Amino acid sequence: MTHRIGRTLIVLGVLAIGSSAAAEERGAIELGLHLGYMVPFGQDGRVQGDTTDEDLSQAAKDAIPIGLDAGFVVASRLYLGLTVQYAFAFLPSNSRRACDALALDCSASDTRLGLNVQYRLAPESTKFRPWVGLGFGYEWFHSSVATGTGTLSATASGFELVSLQLGGDFATPAALVIGPYASLSFGRFRSVSNDNGTTTQTRDVTDQSFHEWLMFGIRGAYRIGL
């Protein structure tokens, strides 16, 4: 009886693995969430009348991104998906001190909407599944200052030309994976909009410069086989 039960469990395990592999071959929908930390490099670019091209780090020293991912896994190795990301940016210390001294409420954020392509290097692994990826998208960097009479804000926007990505997933018994990731994105702002509460002025960035975001964190995803 004991041997019979053991053989039955083995058969059921093999069937479960086979069913999972078949689902991977047919493809799957993947829903994910990522959290991390990112730091800026490079310059903002200049609009007409600017005399200097300021570093992006003068607007934000670092940021905490939260993102939602949704995509489709093709035959277990190739992932195609969309990402919506919002990052809470932290002001550099000199800007923070100036805002505090004048009793101003100052804030900044960075929003990204993009497409991602990932190639899974070892999708059949039961332990760690590394992957590499590329991304492309659009970015909005927003900063605002709330005064006693209103709010002044500025939004710089432009294309994220490429995002180089690297990561890996640890498999769990459920259809859930979780693991680390890192990315380096390259973008350029195309326009800047200034809003004083009553009017909005938009100007083109005539002297565009590259800026980068280095990001790393942890990502979790749930896979639904088709």
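What share of the contacts in the protein with a separation of 6 or more comes from residues 24 or more positions apart? The answer is 67%. Keep in mind while you read on that this is a predicted model.

## The overall layout

The protein has two helices and 10 strands. Reading from the N terminus, the elements go α-β-β-β-β-α-β-β-β-β-β-β. There are 226 residues in the protein, and 38% of them count as buried.

## Strand E4 and its partners

Let's start with strand E4, residues 78-90. On one side E4 pairs with strand E3 (residues 62-74), antiparallel, over 13 bridges. One bridge to look up is Ala63, whose partner in E4 is Ala89. E3 and E4 make a hairpin with three residues between them, and Ala75 in that turn has a positive phi of about 50°. E4 also pairs with E5, again in the antiparallel sense, this time over 12 bridges. Here Phe88 has Ser109 in E5 as its bridge partner.

In a regular strand, side chains take turns between the two faces of the sheet. You can follow that pattern along E4: Tyr79, Gly81, Thr83, Gln85, Ala87 and Ala89 point to one face and are buried. Leu78, Leu80, Leu82, Val84, Tyr86, Phe88 and Phe90 point to the other face and are not buried.

## The largest cavity

How many cavities of 30 Å³ or more does the structure hold? There are two. The largest has about 290 Å³ of space in it. Its lining takes in 22 residues, and those nearest the centre are Gln85, Arg112, Gln165, Ser183 and Met215. Gln85 is one of the residues on the buried face of E4.

Which elements give two or more residues to this lining? They are strands E1 (28-42), E4 (78-90), E5 (105-120), E6 (128-146), E7 (151-171), E8 (176-195) and E10 (211-225). Sorted by class, the lining has nine polar, seven nonpolar and six charged residues.

## The second largest cavity

The second largest cavity holds about 40 Å³ of space. Around it you'll find Ser76, Arg120, Pro123, Arg129, Asp169 and Arg223. Four of these lining residues are charged, one is polar and one is nonpolar.

## His211, tucked into E10

His211 is in strand E10. Is His211 buried or exposed? His211 counts as buried because its relative accessible area is 1%, and the cut-off for buried is under 20%.

The side chain of His211 has a polar contact of 2.9 Å with the side chain of Glu139. Leaving out neighbours within four places in sequence, His211 also touches a run of residues from Ser185 through Phe186, Gly187 and Arg188 to Phe189. The other contacts of His211 include Phe41, Gly42, Gln43 and Leu56.

## Helix H2 and the loop after it

Ser95 is in helix H2. With a relative accessibility of 24%, Ser95 counts as partly exposed. If you want a distance to check on screen, try Ser95 and Gln58: they are 37 residues apart along the chain, and their C-alpha atoms are separated by 8.2 Å.

Past helix H2 (93-101) comes the loop to E5, and Leu104 lies in it. Leu104 is partly exposed, at 24% relative accessibility. Not counting residues up to four places away in sequence, Leu104 touches Cys99, Val145, Ala146 and Thr147. Leu104 and Ser144 are 40 residues apart in sequence, with 10.0 Å between their C-alpha atoms.

Ala103 is also in the loop between H2 and E5. Ala103 is exposed, as its relative accessible area is 70%, and exposed means over 50%. Most residues other than glycine have a negative phi. Ala103 goes against that pattern: it isn't a glycine, yet its phi is positive, at about 60°.

Notes
Residues are numbered from 1 along each chain as its sequence is written. This is a predicted model: local features need pLDDT of at least 70, side-chain atom pairs count only at pLDDT 80 or more; totals for chains, interfaces and linings use all residues. Side-chain values use heavy atoms; hydrogens and water are left out. On a 1 Å grid over the protein atoms alone, a cavity is a set of points where a 1.4 Å probe fits but cannot get out, and a pocket is an open set with protein on both sides within 12 Å along at least five of seven lines; lining residues have an atom within 4 Å of a point. Grid points are joined across faces, edges and corners, and a volume is the space filled by probe spheres set on the points. Helices (H or I, at least four residues) and strands (E, at least two) are DSSP runs, numbered from the N terminus. Ala, Val, Leu, Ile, Met, Phe, Trp, Tyr, Cys and Pro count as nonpolar, Asp, Glu, Lys and Arg as charged, and the others, Gly among them, as polar. Buried means under 20% relative accessible area, exposed over 50%, partly exposed in between (1.4 Å probe, protein chains only). Contact means heavy atoms within 4.5 Å. A polar contact is a pair of N or O atoms within 3.5 Å; within protein, one must be able to donate a hydrogen and the other to accept it, and residues adjacent in sequence count only if both atoms are side-chain atoms. Two strands pair if DSSP finds at least two bridges between them.
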